[in-house]
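Let's take a walk through this one together. Have a look at the sequence and the model first, and then we'll go from the inside outwards.

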Amino acid sequence: MTPAPTLSSLPAQPVPASPLIDSFGRQIRYLRLSVTDRCDLRCVYCMKAQPEFLPKADLLTLEELEQVAGAFIDRGITKIRITGGEPLVRRDVVTLIERLGRRLGQDGGLDELTLTTNATQLPRFADRLAAAGLRRINVSLDTLDPVRFSRLTRGGKLTDTLAGIEAAAAAGLKVKINAVALKGENEDVLPDLIAWAHGQGHDITLIEVMPVGDVGADRADQFLPLSAVRDRLLQRWTLTPLTETTGGPARYHRIAETGGKLGLITPLTGNFCAGCNRVRLTCTGQLHACLGQDGAVDLRRALREGGLEGLNRAINQAVADKPEAHDFDVRPGAEPSVTRHMAITGG
Ligand code: SAM
Ligand code: SF4
């Protein structure tokens with residue numbers, strides 16, 4: 001008589017490659033893919049002055065990153081943003097971007113492939129990125145004052161970032177500037193930054209600082225509510241709220257006098273979780289379904305031990321467990337709301 005099959009001898013049920021819908025009915029369509037935690041800058045709100053970077057051996061290989069991204073595209077992800085750390089300091093990352101670029105278009109499944117960068121490496125790579133199919137990129141720039149830039153980035157050169165932005169524009173990439181609003185650091189120069197960006201034809205988005213990771217500073221000293229920034233801008237300009245949304249957390253305004261678009265991202269003063277359609281993969285393969293919570297699922301292990309089946313099971317688990325909302329706290333003396341830094345999760 002043939003013995004009854006035990007659970008372990010049963011063939012694993014194939015995991016259906018179904019769309020990714022969380023328990024609150026939100027369909028996940030957007031993946032942020034961090035390719036490194038390393039960076040050539042040390043922004044004061046992002047990392048410590050002397051960060052301990054992860055051992056390179058812990059990182060997903062470029063092949064694994066491509067495999068995981070491919071599995072997400074097969075599950076209905078239509079937008080991927082490459083981030084970090086500074087993504088362009090990872091060796092051969094442009095080759096990965098070129099390979100993912102082949103999935104752009106109806107047949108490939110991907111509508112948009114994009115990048116967030118500090119722009120320092122763009123003079124080397126902008127042309128290849130444009131050729132890979134990137135259309136738009138986000139560049140972080142918090143001030144146009146070279147002395148403050150150097151202080152905020154702990155040693156960066158403003159001219160490097162400006163040269164990168166120029167190279168991107170020359171390659172045909174649409175640039176959006178991202179600036180973190182920082183109390184006492186750049187609040188007085190944000191109007192000039194906005195006017196400059198719009199003068200160059202770039203949209204700009206302001207972001208409230210988030211209490212992610214210990215950066216050696218009290219977040220209450222850095223936090224500047226965008227409601228205060230907006231009040232200040234209204235003394236100078238006419239802001240008209242736009243109804244358009246990109247499905248992301250920014251609320252957009254048109255500034256009549258500059259003609260440009262201003263986005264405001266207010267994770268602290270305005271909750272943006274209800275429409276959240278994104279998940280984040282760290283460079284070590286931890287999948288975070290929420291930027292503001294510590295929970296994660298280990299996709300590196302799932303992939304290495306269980307192949308594509310294991311990977312899809314782990315993705316299902318992360319999406320099913322996606323929290324409803326984050327829980328940021330920037331009161332004086334508060335502990336970081338999550339322990340990992342932005343450069344690890346991928347901002
Ligand atoms: N190095 C690239 C860059 O700076 O654009 C990509 C990675 S960086 C972590 C992504 C974005 O996160 C940047 O726009 C940066 O300003 C933002 N960021 C970093 N730490 C932050 C924090 N604590 N709160 C809000 N935004 C933060
Ligand atoms: Fe580097 Fe970007 Fe973090 Fe600045 S914000 S330290 S550029 S990863």
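**Starting from the core**

This is a predicted model, and a good place to begin is its largest nonpolar core, which has 74 residues. Those with the most contacts inside this core are Phe 72, Ile 80, Leu 129, Leu 206 and Leu 299. Helix α9, spanning residues 299–320, gives the most to the core, with eight residues. Apart from that core lies another one, of twelve residues, including Leu 41, Tyr 45, Leu 182 and Val 209.

Let's zoom in on Leu 129. Setting aside its neighbours within four places in sequence, Leu 129 is in contact with Leu 88, Val 94, Ile 97, Leu 115, Leu 122, Leu 134 and Leu 173.

Now step back to the whole chain. You'll find ten helices and twelve strands, and buried residues make up 52% of the 347 residues. Of the contacts between residues at least 6 apart in sequence, 72% join residues at least 24 apart.

Next, the sheet. Twelve strands form an open sheet with mixed pairing, in the order β7-β8-β9-β6-β5-β4-β3-β2-β1-β10-β11-β12. At its edges are β7 (239–241) and β12 (297–298), each of which pairs on one side only. Helix α2 (residues 93–101) packs on the sheet, where it touches β1 (30–34), β2 and β3. The direction of α2 makes about 160° with that of β3.

Strand β2 deserves a closer look. β2 (residues 79–83) runs parallel to β3 (residues 112–117), and four bridges join the two. One bridge partnership here is Lys 79 with Glu 112 in β3. Five bridges join β2 to β1, and these strands run parallel as well. Across that pairing, Arg 32 stands opposite Arg 81 in β2.

So which way do the residues of β2 point? Lys 79, Arg 81 and Thr 83 point one way, while Ile 80 and Ile 82 point the other way. Both sets are buried. Since five of the five residues of β2 are buried, this strand is largely enclosed by the rest of the structure. Ile 80 is also among the residues with the most contacts inside the largest core.

Last stop: ligand 2. Which residues surround ligand 2? They are Cys 39, Leu 41, Arg 42, Cys 43, Cys 46, Met 47, Gly 85 and Asn 118. Sorted by class, this shell has five nonpolar, two polar and one charged residues. You've met Leu 41 before, as one of the residues of the twelve-residue core.

Conventions:
Residues are numbered from 1 along each chain as its sequence is written. Chains are lettered from A and ligands numbered from 1 in the order in which they are written. This is a predicted model: local features need pLDDT of at least 70, side-chain atom pairs count only at pLDDT 80 or more; totals for chains, interfaces and linings use all residues. Side-chain values use heavy atoms; hydrogens and water are left out. A residue is near a molecule or strand if one of its heavy atoms lies within 4 Å of it. Ala, Val, Leu, Ile, Met, Phe, Trp, Tyr, Cys and Pro count as nonpolar, Asp, Glu, Lys and Arg as charged, and the others, Gly among them, as polar. A nonpolar core is a set of buried Ala, Val, Leu, Ile, Met, Phe, Trp, Tyr and Cys residues joined through side-chain atoms within 4.5 Å. Buried means under 20% relative accessible area, exposed over 50%, partly exposed in between (1.4 Å probe, protein chains only). Contact means heavy atoms within 4.5 Å. Two strands pair if DSSP finds at least two bridges between them. Axes are lines fitted to C-alpha atoms, for helices over the stretch in contact, and angles run from 0 to 180 degrees between N-to-C directions.
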